[in-house]
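Got your viewer open? Let's take a short walk, one selection at a time.

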Amino acid sequence: MTGWAWAALGMYAVWLVAAFGVRALVQRRRTGDTGFRGLSGSPGSAAWWAGVLFVVALLGAVAAPVATLVGLPVLAEGAPAVYGIGAAITVLGIIGTLVAQKAMGASWRVGVDADERTALVMSGPFAHVRNPIFTAMVTTGLGLALMVPNVLASAALVALIVAVELQVRVVEEPYLRRTHGETYLSYGSRSGRFLPGIGYISSETEGPSSR
């Protein structure tokens, strides 16, 4: 089991460096800005909790394999097939994150500045899904949780899912509707929220709904 824990740590480190460190350097070189915007909302608000839970999820993804290395039992003992499937899902999530970030180009941000206006990306993976980066992040988190399936990994995955849901529904979708108006509503009526065909924006209500 320790081998899988080390593998999970290594893959997570690669994902962090590539998805945040390298991406921020590329963004700064192209635009003069790293793209980091930080937490949104006042302390205690749903938007604020989204940011806090992201941090909890990121730290938990490190704590889970470390805990396994120091003896915390896993929930699926002696299940190399589960760990291997987790590794494959993690690789898929890492690749998906980088592909979606590249497609986002200069519009890539971590967090939202309500006064900022960036181009609305509707091509590549964004043609089918409005939040492919978040989808890829959750995929990565699921894979890591399967590689070291202990209680900390499960908690980190739950924190990540809740953080993504809050960030998208409470922060990003309202911001994009305000910023891009009918263009975003039209785009949302034909692209899913996290998966193709699921979570369209209804043109009748001009708000998010699942169909």
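Here is what to select, stop by stop, in this predicted model.

**Stop one: a pair of helices.** Select residues 2–31, which form helix α1, and residues 46–69, which form helix α2. Their axes come within 8 Å and cross at roughly 160°. Angles over 145 degrees count as roughly antiparallel, so that is what α1 is to α2. The crossing is left-handed.

Now show the side chains where the two helices meet. On α1, pick T2, A5, W6, A8, L9, Y12, W15 and L16; on α2, they meet L58, A61, V62, P65, V66, T68 and L69. What kinds of residues make up this contact of α1 with α2? It has 13 nonpolar, 2 polar and no charged residues.

**Stop two: the largest nonpolar core.** Keep W15 selected and add F54, F134, M137, M147, L160 and V164: these have the most contacts inside a core of 31 residues. Helices α1, α2, α3 (80–104), α4 (132–147) and α5 (151–188) each give two or more residues to this core. Zoom in on W15: beyond its neighbours within four places in sequence, W15 is in contact with F20, L58, I94, T97, M137 and T140. Apart from this core lies another, of 12 residues, including L120, L176, Y184 and L185.

**Stop three: a loop.** Select L75, in the loop between α2 and α3. Is L75 buried or exposed? L75 has a relative accessible area of 59%, and over 50% counts as exposed, so L75 is exposed. Even so, L75 touches P149, N150, V151 and S154, leaving out residues up to four places away in sequence. Finally, add M1: L75 and M1 are 74 residues apart in sequence, and their C-alpha atoms are 12 Å apart in space.

Note on methods:
Residues numbered from 1 in each chain as written. Predicted model: local features only at pLDDT ≥ 70, side-chain atom pairs only at ≥ 80, totals over all residues. Heavy atoms only, no water. Axes fitted to C-alpha atoms, helices over the stretch in contact; angles between N-to-C directions. Helix = DSSP H or I, 4+ residues; strand = E, 2+ residues; numbered from the N terminus. Parallel < 35°, antiparallel > 145°, perpendicular 65-115°, else oblique. Left-handed = near helix turned anticlockwise from the far one by under 90°. Contact = heavy atoms within 4.5 Å. Nonpolar A, V, L, I, M, F, W, Y, C, P; charged D, E, K, R; others polar. Core = buried A, V, L, I, M, F, W, Y, C linked by side-chain atoms within 4.5 Å. Buried < 20%, exposed > 50% of the residue type's maximum accessible area, 1.4 Å probe, protein only.
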